[in-house]
Amino acid sequence: MRRLVVLGAGTAGTIVAGKLRRRLDPAQWRITVVDRDDVHRYQPGYLFLPFGGNRPEDVVRSRHAYIPDGVELVLADVDRVAPELNSVLLADGRTLDYDYLVVATGVQPRPDQTPGLLGDEWRRSIHEFYTYDGALALAGALDGFTEGRLVVNVVDMPIKCPVAPLEFAFLADAFLAERGLRDRVELTYVTPLPGAFTKPVASAHLGGMLAARRIGLETDFLVEQVRDRTLVSYDEREVPFDLLVTVPLNMGADYVARSGLGDEMNYVPVDRRTLRSTAHANIFAVGDANDLPTSKAGSVAHFSADVVVENMLSAIRGLPLRASFDGHANCFIESGHGKGLLIDFDYDTEPLPGKYPLPRVGPFSLLAETRLNHLGKLGFRWAYWNLLLPGRPMPVPSRMSMAGKVRDSVSVPAARGR
């Protein structure tokens, strides 16, 4: 009996385990998935919790419900991986040996890495929405916020779902306007990036949307510390706040560092096309856990999981790894007042205007605010629970297509990944 161990039962780990269970002979392969608890969280839903747009039960379900029959789910913390022994050591003393290992433990917000972020003001004037508890606490803070300086800040990149802070700023603008409070609130978006987003075309478009909503944009702002309700940058700029909504530094799991598998941010270095570890031929890393130069987004977890499955099957058979990931990502971006955008891009191609997924038909519009894009964002929650996690066919291709995109309508050249 050969053994496959998947660390992490989030989006990527669940998809990979399910697809490989259907492709590997159960008489020859034992598949084990490890995670610390039995709670699967729909993280895109956290964005709406502070605004009352989701109920808590909409974003939390049992992991067991999505782990297929024939796959063992082990609930435990990982102490470390011993790649020289092909073993995973669990915190409770158990050891899981493997022939192949998939690292899919994602990233976690680490407010402890920024001086002054965790302190007396945490969950009082300083909040975050990247955790379930944080999003619920922020709902209470927003409900009582009637005037002052509201600052949305990204501490450093990369972060999971890099459009989410922008979405929060847009939704906060709409939330305050609907309550008749917008003129009493100074709203500022503070980012370490040189613009509103990582890709120049989308950055210019989204920056224009911030300006149109009177949301200030503070760029190239690298937070050194938080002091006296003020963000302080390394170049000594200051941004005071009455309510701070921060996206803390995101880092991979600590066991990655203890195992010698990761870089300084605990991300596992992989070949950007095959997603195989650059150090260990029988280890793959998928989802947010790797160092791919693309968005840490749910769509990337989905699209890259398909590549990992094909390449693991090739590796098991002793064949060359033919499947290649192109960095494909697409993201709905809530823009407030019942509208949204959609962007679609890869390693080499900028987000472009057009229609998606079908040329001229869509039904979704790229780089344009529409009601249908907003409904697509809301509808994805159903698709996530009922199609994506169970491994059913999704109506979008894993590889990015230029069909329906209008390249000549923009002047910014394509940004190339490494």
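The following questions and answers examine a predicted model.

Student: In what order do the strands of the open sheet of 5 strands lie?
Tutor: The pairing in this open sheet is parallel. Its edge strands, each of which pairs on one side only, are β5 (71-75) and β20 (283-285). From one strand to the next, the twist averages 20 degrees. The order is β5-β2-β1-β9-β20.

Student: Which residue is the bridge partner of L4 in β9?
Tutor: Strand β1 (residues 2-7) and strand β9 (residues 100-103) run parallel and are joined by 4 bridges. Within β9, the partner of L4 is Y100.

Student: What angle does the direction of helix α6 make with that of β9?
Tutor: Helix α1 (residues 11-23) lies across β1, β2 (29-35), β5 and β9, and runs at about 170 degrees to β2. Helix α6 (residues 298-316) also packs on the sheet, where it touches β1, β2, β9 and β20. Its direction makes an angle with that of β9 of about 165 degrees.

Student: How many of the 15 residues of α3 are buried?
Tutor: Helix α3 (residues 164-178) should span 21 Å at 1.5 Å a residue, and its end C-alpha atoms are 21 Å apart, which agrees. The helix is largely enclosed by the rest of the structure, because the number of its residues that are buried is 13.

Student: Which residue takes a positive phi just after α3?
Tutor: The phi in question is about 75 degrees. The residue that takes this value just after α3 is G180.

Student: How far apart in sequence are the parts that the pair of Y42 and W385 ties together?
Tutor: The two rings form a tilted aromatic pair, 6.1 Å centre to centre with 50 degrees between the planes. Y42 lies in the loop between β3 (39-41) and β4 (60-62), whereas W385 belongs to helix α7 (residues 371-388), so the parts tied together are separated in sequence by 343 residues.

Student: Are Y42 and W385 buried or exposed?
Tutor: A residue counts as buried under 20% relative accessible area. Y42 has a relative accessible area of 4%, and W385 has 3%. Therefore Y42 is buried, and W385 likewise counts as buried.

Student: What kind of pair do the rings of Y66 and W385 form?
Tutor: Y66, in the loop between β4 and β5, and W385, in helix α7, tie together parts that are 319 residues apart in sequence. Y66 is buried, with a relative accessible area of 12%. The ring centres of Y66 and W385 are 5.4 Å apart and the planes stand at 35 degrees, so the pair is tilted.

Student: Which residues form one aromatic cluster with W385?
Tutor: The aromatic pairs in the model come to 15. The cluster that includes W385 is completed by Y42, Y66, F380 and Y384.

Student: Over the face of which residue does K296 lie?
Tutor: R272 lies over the face of Y347, at 4.4 Å from the ring centre. For K296, the distance from the ring centre is 4.1 Å, and the residue beneath is Y267.

Student: Against which elements do the buried residues of α4 pack?
Tutor: The end C-alpha atoms of helix α4 (residues 200-212) are 18 Å apart, in agreement with the 18 Å that its 13 residues should span at 1.5 Å a residue. Its buried residues are V201, A202, S203, L206, G207, M209 and L210. They pack against α3, β13 (185-190), β14 (216-218), β21 (329-336) and β22 (339-345).

Note on methods: Residues are numbered from 1 along each chain as its sequence is written. This is a predicted model: local features need pLDDT of at least 70, side-chain atom pairs count only at pLDDT 80 or more; totals for chains, interfaces and linings use all residues. Side-chain values use heavy atoms; hydrogens and water are left out. Two strands pair if DSSP finds at least two bridges between them. Helices (H or I, at least four residues) and strands (E, at least two) are DSSP runs, numbered from the N terminus. Axes are lines fitted to C-alpha atoms, for helices over the stretch in contact, and angles run from 0 to 180 degrees between N-to-C directions. Contact means heavy atoms within 4.5 Å. The expected span of a helix is 1.5 Å times one less than its number of residues. Buried means under 20% relative accessible area, exposed over 50%, partly exposed in between (1.4 Å probe, protein chains only). Rings of Phe, Tyr and Trp (its six-membered ring) pair if their centres lie within 6.5 Å; planes under 30 degrees apart count as stacked, over 60 as edge-to-face and the rest as tilted. A charge sits over a ring if NZ of Lys or CZ of Arg is within 6 Å of the ring centre and within 35 degrees of the ring normal.
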